[in-house]
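Colleague: Could you take a close look at the largest pocket and at what surrounds it, and walk me through the parts of the chain that bear on it?

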Amino acid sequence: MAMPKTAAVAVAALTFLAAWGGAGSAAAAASPATTRKAVEACAVLAPGASAAAEKAVAAACEQIGVWYTWGGGHGPQPGPTYGQVDPSDPDSAHDPERLGFDCSGLVRYAYARAVGGDPLSGNASHQFHSPQVNQRFTAAQGTGPLLPGDLLAWGSGGSIHHIAIYLGAGKMVEARESGTRIMVSDVRLGGDYAGAVRIAPATAPGTFSTWGTDVWTHEEPSTTSPRVHRFPGPTTVRVECQKHAEPVTAEGYTNDAWSYLPEYGAWITNIYLKGPAWLDGVRTCP
């Protein structure tokens, strides 16, 4: 039987990467047989997923063998980018020379390919708390209720540091860490596994996009209150309500309107939300 087209493409790409080695390569070249097995192992391995989720799995599986690179995949558009050095990880020394994805960069790319647009921009924590999530699963539930395309997450205390895409049958595809390539792994339910989410991309009422870079949310509608979350770039968020509070001047605008983001439990000035100064169709907070 002929190899599936996506598998053939990925085998060719990985064969090229293995021959070239990449700058500071830490991975040995794989034989064609080993490479083929790795690619064929990445697929939808259980029934029941939505068409979008299956497309996301296929898009991620096409990247098998591509480098993990810290910060990779977070350019202006979804897709592989050169990474950065992670000061806490010596294995990332060559990431600026490697074209690839980090964990959330891969998830972003997979769902952008599946549904169009850029529904899951941001880091792993942003994706886990995205308004595109329509169902959540606790760590205690394990993999029993999960379907291919669900996102598994790791972290504690509300902070998510890693995310991967479920394939079914206890397997996942992930960009795991510097010095490795995108791979299929057994799901790791121990440690700080935080649970999983199911994505249903849609433009729901009250959904808006942030703009700008390094935008912070706050505990209260005031710039002097403690910071909560940082949006490194444009991110889709759900606004529960808005209110008039502390006036803010930024980016040439002044506005006293603030919006509450329930997925983050935090407030953001409306200056950094795309739309009018007072958002249409959003109720006033009590």
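Modeller: The largest pocket has a lining of 34 residues, and those lying nearest its centre are H74, D102, S104, N123 and A124. This is a predicted model, and the volume computed for the largest pocket is about 1000 Å³. Four elements, namely α4, α5, β6 (159-168) and β12 (227-231), each contribute at least two residues to the lining, and β6 gives the most, with four residues.

Of these elements, α4 deserves the closest reading. The 13 residues of α4 should span 18 Å at 1.5 Å a residue, and the C-alpha atoms at its ends are 19 Å apart, which agrees. Because 11 of those 13 residues are buried, α4 is largely enclosed by the rest of the structure. The buried residues of α4 include S104, R108 and A114, and S104 is also one of the residues nearest the centre of the largest pocket. Just after α4, G116 takes a positive phi of about 80°.

The loop between α4 (103-115) and α5 (124-128) holds S121, which is buried, with a relative accessible area of 10%. The side chain of S121 has a polar atom that lies 2.7 Å from the backbone oxygen of P234. Once its neighbours within four places in sequence are left aside, S121 is in contact with R108, H126, Q127, P234, T235 and T236, and of these R108 is among the buried residues of α4.

S121 also belongs to the lining of a second kind of empty space, the largest cavity, together with P119, L120, H126, Q127, S130, P131, T235, T236 and Y264. The volume of this largest cavity is about 30 Å³, and a search of the whole structure finds one cavity of 30 Å³ or more. Empty space of this sort shows up when a probe the size of a water molecule is rolled over the atoms.

Turning to the approach to β12, S225 is placed in the loop between β11 (215-218) and β12. S225 has a relative accessibility of 11%, and therefore counts as buried. Apart from neighbours within four places in sequence, S225 is in contact with H218, E219 and E220. The C-alpha atoms of S225 and W267 are separated by 9.9 Å, although these two residues are 42 residues apart along the chain.

Two backbone angles in other loops are worth checking in the model. Most residues other than glycine have a negative phi. D214, in the loop between β10 (207-209) and β11, has a positive phi near 55°, and with 45% relative accessibility D214 counts as partly exposed. E251, in the loop between β14 (241-250) and β15 (253-261), likewise is not a glycine and has a positive phi of about 55°.

As for the chain that frames all this, the secondary structure comes to five helices and 16 strands, and buried residues make up 48% of its 286 residues. Of the contacts between residues at least 6 apart in sequence, 60% join residues at least 24 apart. The chain exposes about 12900 Å², of which carbon and sulfur atoms supply 55%.

Note on methods. Residues numbered from 1 in each chain as written. Predicted model: local features only at pLDDT ≥ 70, side-chain atom pairs only at ≥ 80, totals over all residues. Heavy atoms only, no water. Buried < 20%, exposed > 50% of the residue type's maximum accessible area, 1.4 Å probe, protein only. Polar contact = N/O pair within 3.5 Å; in protein donor to acceptor, adjacent residues only side chain to side chain. Contact = heavy atoms within 4.5 Å. Areas by Shrake-Rupley, 256 points an atom, 1.4 Å probe, with all protein chains shown as cover. Expected span 1.5 Å × (residues − 1). 1 Å grid on protein atoms, 1.4 Å probe; cavity = no way out; pocket = protein on both sides within 12 Å on 5 of 7 lines; lining within 4 Å. Points joined across faces, edges and corners; volume = space filled by probe spheres on them.
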